[in-house]
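Subject: Structure for you to look at, with notes

Dear colleague,

I am passing on the structure we spoke about, together with some notes on what turned up in it. Please have the sequence and the model open while you read.

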Amino acid sequence: TSKKEDNKQKVLALVNKKKRIHNNDVEKILKVSDSTATRYLKELEKENKLVRHGKQGRGVYFTKK
């Protein structure tokens with residue numbers, strides 16, 4: 001699997017543990033940029049694995065679908 005797929009699996013594992021996840025959590029844990037963290041979360045949302053809550057910006061977090 002690609003590094004990207006590995007990272008997306010790590011994001012899902014993190015959501016399982018924490019129940020809700022923010023962009024900053026992904027950045028810190030995977031040591032990726034803000035835009036990369038956002039991309040992973042959006043892709044997982046498109047794949048119907050995560051649900052977005054809150055408005056664009058600071059209040060956004062994701063939970064498992």
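To begin with one residue, K49 is partly exposed, with a relative accessible area of 33%. Please keep in mind throughout that this is a predicted model. The side chain of K49 forms a salt bridge with that of E47, at 3.3 Å from N to O, and E47 is likewise partly exposed, its relative accessible area being 36%. This pair belongs to a wider arrangement, since salt bridges that share partners link K4, E5, K8, E43, E47 and K49 into one network.

Within that network, the pair E5 and K8 deserves a separate word. Their side chains meet in a salt bridge of 3.5 Å, N to O, and because the two residues are three apart in helix α1, about one helical turn separates them. The two partners differ in how far they are covered: E5 is partly exposed at a relative accessible area of 32%, whereas K8, at 3%, counts as buried, the limit for that word being 20%. What, then, is K8 in contact with, once its neighbours within four places in sequence are left aside? The residues in question are Y40, E43, L44 and E47.

In total the structure holds seven salt bridges. Another of them joins E45 to R52, with the closest N and O atoms 3.1 Å apart; here E45 is partly exposed at a relative accessible area of 26%, and R52 is also partly exposed, at 25%.

The contacts of K8 lead on to the way in which two of the helices are arranged. As a general point, two packed helices are described by the angle between their axes and by the distance between those axes. For helix α1, which covers residues 3-18, and helix α3, which covers residues 34-46, the axes come within 10 Å and cross at roughly 75 degrees. An angle of 65 to 115 degrees counts as roughly perpendicular, and α1 and α3 are therefore roughly perpendicular to each other. On the side of α1 the contact is made by K4, N7, K8, V11 and L12, which meet Y40, L41, E43 and L44 in α3. Sorted by character, the residues of this contact divide into five nonpolar, one polar and three charged.

Helix α2, residues 23-30, offers a further point to look at. Which of its residues are buried? They are N23, D25, V26 and L30, and, when one looks down the axis of α2, these buried residues fall within an arc of 160 degrees, so they line one face of the helix. The elements that cover them include α1, α3 and β1, the last of these being residues 20-21. Just after α2, K31 takes a positive phi of about 55 degrees, which you can find at the end of this helix in the model.

Finally, on the other side of α2 in sequence, H22 is found in the loop between β1 and α2, and H22 is partly exposed, with a relative accessible area of 28%. The C-alpha atom of H22 is separated by 6.7 Å from that of V60, although the two residues are 38 apart along the chain.

With best wishes

Definitions and conventions:
Residues numbered from 1 in each chain as written. Predicted model: local features only at pLDDT ≥ 70, side-chain atom pairs only at ≥ 80, totals over all residues. Heavy atoms only, no water. Axes fitted to C-alpha atoms, helices over the stretch in contact; angles between N-to-C directions. Helix = DSSP H or I, 4+ residues; strand = E, 2+ residues; numbered from the N terminus. Parallel < 35°, antiparallel > 145°, perpendicular 65-115°, else oblique. Contact = heavy atoms within 4.5 Å. Nonpolar A, V, L, I, M, F, W, Y, C, P; charged D, E, K, R; others polar. Salt bridge = Lys/Arg side-chain N within 4 Å of Asp/Glu carboxyl O. Buried < 20%, exposed > 50% of the residue type's maximum accessible area, 1.4 Å probe, protein only. Arc of directions from axis to C-beta.
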